[in-house]
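Open the model in your viewer and keep the sequence panel beside it. The stops below say what to select next and what is found there.

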Amino acid sequence: MHILESYSVNCKPSGTVAEDVATFLPTIVSYIERQEPVRMVLPAFPFKSPNAHDKALGALPDLAEELALYHLNGLCQNIGRVYEPGAEVHITSDGLVYNDLMGVLDETVWEYGETLRKMAVERKLRHVRFIRLAELLDHHPCSSRDPESAKAFYLAHAPCLRRELMIRFGDPSFSPDTAIKTDMDVCLTYRGYIKFLTKDLAQKVASKSKRARAEEIAQTARSMIVRGQMFAAAIRAQRGDYVRLSIHESAKGRKLSVPLIPQKPGSIGHTPWHSCVAVGVDGSYRATHVDQVRDTHDLVYKDGQPYYYRERSELFDWAADGIEVEFEPLYPCGLIIRPAGGASQPPSIRSIPMRKIRQLSCHMSPVVCRGFADTGTEDMFVDKAAELGKVAAWSQDIIVKVRDSGRQDKKNNNVKSNEAMPMHFDGMFRFEHKVDPKTGETVRVQNIPRYQFFTCRATAPEDDGYTLFANSRLFFRHLPLPWSAERLQQATWSMENDGFWDAKVYNLPLVIAHPVSGLPCLRWHQPWGAQQTKFSTCDVTIHNANAGLIPQIDDLTYDYRVCKRFAWHVGDVLVSDNISMLHTRTAYTSDCDRELWRIHCD
Ligand SMILES: [Fe+2]
């Protein structure tokens, strides 16, 4: 219930959201009793706004939809962390319900929906499912696997399905004008429609008088309200036992209002199909309109299609360094950089401008260069580390080769095992001696390396051996009340560790300011008991905050909105800012060859 609540728009007075979520308690209890996945239904993803000039980038899904699908899949994965059968979000497109009102072709709705499905499959977003309008009306959708036949079948039946929806689920006594006046949910949806139609239909009604324009927009919105009621009735009839999600605000607790692209707290924000995504150098993903970013951002294409806008910065301009690359933002954080298509030979890692990587990793870690040559050349790897920063060697070996040593004794370092590890930052036990300027005393302080620099020599089998990166900016964004960065800044913690490290560290700050961005960064090592490891255990005590903070931190650092589960490819070169990020690893199959090389840099 807390997970669902944390995904809701949360814009109501304190307590109201919990009440909204509580409406679904009986539904969820019945799933738990049957030990079935919690099923949710979301009427959404109709088609892109017809206003491709000022609002959206085109007719096909882009980064906005991609982020939304990851977000919904992550909701299910977060539920799966606490409830073994997990959860599913069933998207039922309302495209055919409204498209004729706005002059959008059935074929456009089909292409949008099919691309969305392909996106979910390609990105392995297995908890996102789709329900066709035909299924809601008890018909079997076309079973043909041939895409052309399936499309022809869809186009042939779309007008009939629309008519059938109206005949079967239309309520002749329903008056949109009365409902807008008396039902707060309908009123909120109507206002939302007016807002987006004003821009969507701008070109269509341009030649009309101001009054005629307003009337046409209001009439279209009223028609959409009527159709929406029919569609909602069909969903209730066919999927009434699902948790009902909505992209519209709701005042009554009949549906849970969920922003699809994370917004400022309290805002449902733009939907993916009415917006484009602006990626900031600060790592932010913002749903906005094209006309808001056209002059400050660069349009980025993917496979020849406009995909997102990216803040203009020399950090993304590698042509000056003699190399053309493409940037792929990851959810919830991270960036993959690939040589631009068409290169006959993969470029060497020698050509990677490490100064730019260093700056990008400050906000966009993990930054991954994929598809470059010479990643297995030790000298070259060390040279690139030296360009990234001052190499911080732990021992005589500059490169630490992280692989399963096969050793099972307590004194083995768990880094060189196949076990899952606790969430942590590197350098917990790296110390230096400094003179305290106030007392003149020499004190031992942590000397945390700034960057982790990796290359992957061999991977674990698929779906195994992930490295997890938790982002402090996202951690504090999703930290629930009553906790806050300010409160956590008051806390300190200590850690006692046995086995390989056998060390005790006291009076550690829980939050430090990032040396470049100044943003709060979480400094944390997850408690790790004897039941979790054959190797070092780790006791953590927290001070100046109640003990409830420990499970809160341990939960949120693994939350799919905060933590990137990164699957390695052989030859990946990765930089992670060891101050703004925490990291860990999932367990992997013991006899696999997974091997990473790592260098720390300051
Ligand atoms: Fe580590």
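Start with helix H6, residues 106-122, and helix H8, residues 147-169. In this predicted model, the axes of H6 and H8 come within 10 Å and cross at roughly 135 degrees. An angle of that size makes H6 oblique to H8. The crossing of H6 over H8 is right-handed. To see the contact itself, show the side chains of Asp-106, Glu-107 and Trp-110 on H6, then those of Lys-151, Tyr-154, Leu-155 and Ala-158 on H8. Sorted by class, the residues of this contact are four nonpolar, no polar and three charged.

Before leaving H6, follow the chain into the loop between H6 and strand S3 (128-131), where Lys-124 is found. Lys-124 is not a glycine, yet has a positive phi of about 55 degrees.

Keep H8 selected and add helix H11, residues 210-239. H8 and H11 pack at an angle of about 80 degrees, and their axes are 9 Å apart. This angle makes H8 roughly perpendicular to H11. On the H8 side, pick Leu-165, Met-166 and Phe-169; on the H11 side, pick Met-230, Phe-231, Ala-233 and Ala-234. What classes of residue make up the contact of H8 with H11? Seven are nonpolar, with no polar and no charged residues.

Now hide H8 and bring in helix H10, residues 184-200. The angle between H10 and H11 is about 135 degrees, with the axes 9 Å apart. H10 and H11 are therefore oblique to each other, and H10 passes H11 in a right-handed crossing. From H10, select Val-186, Thr-189, Tyr-190, Tyr-193, Ile-194, Leu-197 and Thr-198. Their counterparts on H11 are Ile-217, Ala-218, Thr-220, Ala-221, Met-224, Ile-225 and Gly-228. This contact of H10 with H11 has ten nonpolar and four polar residues, and no charged ones.

Next, zoom out and colour by domain. The protein chain is divided into domain 1, residues 2-277, and domain 2, residues 378-601. The C-alpha centres of domain 1 and domain 2 lie 40 Å apart. Six residues from domain 1 and five residues from domain 2 take part in the contact. Which helix gives the largest share of the side of domain 1 that touches domain 2? Select helix H4 (residues 63-82), which supplies four residues. By class, that side of domain 1 has one nonpolar, four polar and one charged residues.

Move along the chain to strand S8 (residues 297-302) and strand S9 (residues 305-311). These strands run antiparallel and are joined by six bridges. One pair to pick out is Tyr-301 with its bridge partner in S9, Pro-306. S8 and S9 form a hairpin with two residues between them. Asp-303, in the turn, has a positive phi of about 50 degrees.

The next stop is an open sheet of seven strands. Select the strands in the order S10-S11-S12-S24-S16-S26-S13; the pairing is mixed. Strand S10 (325-329) and strand S13 (400-402) stand at the edges with a single partner strand each, so one side of each is left without a neighbour in the sheet. On average, neighbouring strands of this sheet are turned by 20 degrees against each other, direction ignored.

Within the sheet, isolate strand S16 (residues 451-458) and strand S24 (residues 573-577), which run antiparallel and are joined by five bridges. Thr-455 has Val-573 of S24 as its bridge partner. Then add helix H13 (residues 354-364), which packs on the sheet and touches strand S11 (335-339), strand S12 (367-369), S16 and S24. The direction of H13 makes about 60 degrees with that of S24. Helix H14 (residues 378-388) also packs on the sheet, touching S16, S24 and strand S26 (595-601). The direction of H14 makes about 35 degrees with that of S26.

Finish with two prolines. Pro-332 is in the loop between S10 and S11, and the peptide bond from Tyr-331 to Pro-332 is cis, with omega near 0 degrees. Pro-482 lies in the loop between helix H15 (472-478) and helix H16 (485-489). The peptide bond leading into Pro-482 from Leu-481 is cis, with omega near 10 degrees.

Note on methods. Residues are numbered from 1 along each chain as its sequence is written. This is a predicted model: local features need pLDDT of at least 70, side-chain atom pairs count only at pLDDT 80 or more; totals for chains, interfaces and linings use all residues. Two strands pair if DSSP finds at least two bridges between them. Axes are lines fitted to C-alpha atoms, for helices over the stretch in contact, and angles run from 0 to 180 degrees between N-to-C directions. Two residues are in contact if their C-beta atoms, placed from the backbone, lie within 7 Å. Domain bounds come from an automatic or database domain assignment. Ala, Val, Leu, Ile, Met, Phe, Trp, Tyr, Cys and Pro count as nonpolar, Asp, Glu, Lys and Arg as charged, and the others, Gly among them, as polar. Angles under 35 degrees count as roughly parallel, over 145 as roughly antiparallel, 65 to 115 as roughly perpendicular and the rest as oblique. A crossing is left-handed if the near helix is turned anticlockwise from the far one by less than a right angle, and right-handed if clockwise.
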